[in-house]
Amino acid sequence: MTSTTDIKMAGPSKVATRTARSVEDTSMKLADAFLRRFFVLLLCYPLLWMIGIAGLFWPLLGVLSLAYILRQRLDRYSWIPIAIALTLTVSIPVGLVQFGFDGGRVVSALANIMVWTSLAALIDAVRKMDHFRKLLISLCVVVSAQGFLTALQWAAFPTRLPVPLLSNIDLLGSGFRAFSRNNLYVQSWLDGVQYRSSGIMGQPTWAGAFAAIGIICALFLLRDGDRKIRYLSIATIAFGALSVHLSLSRAVEIGLIAAFIFMLLTAIGIRSSGPTRWSIVILGTVGAAVGCIFSWDRLVDLATSINSQREGSLVSRSAIYEATWMHIQDLKVPLAGFGVKPQLDYLVASVATHSTLLGLTFRGGIIALVVYLLFLAIGARTAWRTKNVAGVGIVVLVAAWTVLEDFDPGHLVPLGLVVCFASRSIFTQNGEAVQVSELQQVEKSY
């Protein structure tokens, strides 16, 4: 028989259970609503660029993300980009004291911080709601739109398309202007006349890196059951390849090759048992290291031959890196950085640019650098554990690319890392992973 005490104890227990379920439901509703707004904003990005206000993408997303973060209990992985945002924020006063007040630089620094804040909100939302497929599709749509506009400009060259409608405007600092220019297909000079494309991302290498992410997502969607999505993936691969080619970016090409290699190793490892899987990873890593050691002279000659066509790039980058490193050494204890990126007259770009590793160390100190590397490592680990081949490829691409390029100046490359965290899995007792979408299908069948 059930005692009176047991009945009294059951009451509070049921109330606690209902409260927990109510909190969970509210959290998931907030995540779903936020992701819906995000997908609308992302799909509107080509339209924003054609108007001339694509630079407002991250500020708009940042406002939505702040509103979401203030109402949500965040996933533990979301605190990683928040830690970088906080480090950059507290470092801004140091930079203002060191270099003097510059309103444009402060605005640019705050816009960079919005990128990290938005990543925190997106990671939390995609880990609460299963929108993995929709995320890949949205990224492919934007990459296809970029390639389509580039192809139109190529066909119309030398006549320029009448977009963006508001060109060369400067609302939020000098960086905003880069996203309101028509550089879809322009002449450049790299050991002769070459043609490059900045797409709708502001710079050629940014357009190429984002297109490479789209290609990786499209490869995953080639097996989708919807014929329209398969057609979209084919278009994304074709238009993405055009953007990668016209970027003329070594960093993009090297990153994409590395991504394909690791995606292949991951795909082989997924179909193998535990010991075999780790053997593949270890042998692949050792093999790559040994190959680099014995082919070092050839690799140096190859790099020299490639860079001989771009000596201006090497000279300008070296000057930026040297100036950045000198300022980092001025910090007695570089746990925090300067927060802002000053402009020196003898440099073609701001200090702390053209390398995320050096740039984050300059702006946020060693703390920001270590947290960023941790962010990449956890993204790779999460993608590997959830058998997310696309995620593994993207994190390898971003890790290689950001050695020579900037992660957070306003392009859409950071959105690729969200893919690494979007495909969740639940591990059974025997260690096998089951995708959330598959679990939902099983639950619906009962």
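By class, four nonpolar, three polar and four charged residues make up the lining of the largest cavity in this predicted model. The space enclosed there is about 70 Å³. A search of the whole structure returns one cavity of 30 Å³ or more. Its lining consists of Trp 116, Lys 341, Ala 352, Ser 355, Thr 356, Gly 359, Leu 360, Arg 363, Asp 406, Phe 407 and Asp 408. Helix 14, which spans residues 356-385, supplies the largest share of this lining, with four residues.

**Salt bridges**

Side chains of opposite charge can pair when their charged atoms come close. The structure holds six salt bridges, and three of them are set out below, each with its N to O separation.

| Residue | Partner | N to O distance |
|---|---|---|
| Arg 36 | Asp 32 | 2.8 Å |
| Asp 124 | Lys 128 | 2.5 Å |
| Glu 405 | Arg 317 | 2.7 Å |

The pair of Arg 36 and Asp 32 belongs to helix 1 (residues 4-43), where the two are four residues apart, or about one turn of the helix. Asp 32 is buried, at a relative accessible area of 16%, whereas Arg 36 is partly exposed, at 48%.

Asp 124 and Lys 128 are found in helix 5 (residues 103-128); because they are four residues apart there, about one helical turn separates them. Both Asp 124 and Lys 128 are buried.

What does the salt bridge between Glu 405 and Arg 317 tie together? Glu 405 lies in the loop between helix 15 and helix 16 (415-422), while Arg 317 lies in helix 13 (residues 311-330), so the pair ties together parts that are 88 residues apart in sequence. Glu 405 is buried, and Arg 317 is buried as well.

**Cysteines**

The structure contains zero disulfides. Cys 140 takes part in no disulfide, and the nearest cysteine sulfur, belonging to Cys 217, is 5.3 Å away. Why is there no bond between the sulfur of Cys 217 and that of Cys 140? The sulfur of Cys 217 has its closest cysteine sulfur in Cys 140, but the separation of 5.3 Å is too far for a bond, since a disulfide requires the two sulfur atoms to be within 2.5 Å. Cys 140 is buried, with a relative accessible area of 0%. Cys 217 also counts as buried, at 0% relative accessibility.

**Two residues and their surroundings**

Ala 390 is part of helix 15 (residues 389-401). Is Ala 390 buried or exposed? With a relative accessible area of 2%, Ala 390 is buried. Once its neighbours within four places in sequence are left aside, Ala 390 is in contact with Ile 216 and Phe 220. A further relation across the chain links Ala 390 with Leu 221: the two are 169 residues apart along the chain, and their C-alpha atoms are separated by 9.8 Å.

Leu 60 is located in helix 3 (residues 57-71). Leu 60 counts as partly exposed because its relative accessibility is 42%, a value that falls between the limits of 20% and 50%. In sequence, Leu 60 and Met 114 are 54 residues apart; in space, the distance from C-alpha to C-alpha is 9.1 Å.

Definitions and conventions:
Residues are numbered from 1 along each chain as its sequence is written. This is a predicted model: local features need pLDDT of at least 70, side-chain atom pairs count only at pLDDT 80 or more; totals for chains, interfaces and linings use all residues. Side-chain values use heavy atoms; hydrogens and water are left out. Buried means under 20% relative accessible area, exposed over 50%, partly exposed in between (1.4 Å probe, protein chains only). Contact means heavy atoms within 4.5 Å. On a 1 Å grid over the protein atoms alone, a cavity is a set of points where a 1.4 Å probe fits but cannot get out, and a pocket is an open set with protein on both sides within 12 Å along at least five of seven lines; lining residues have an atom within 4 Å of a point. Grid points are joined across faces, edges and corners, and a volume is the space filled by probe spheres set on the points. Ala, Val, Leu, Ile, Met, Phe, Trp, Tyr, Cys and Pro count as nonpolar, Asp, Glu, Lys and Arg as charged, and the others, Gly among them, as polar. A salt bridge is a side-chain nitrogen of Lys or Arg within 4 Å of a carboxyl oxygen of Asp or Glu.
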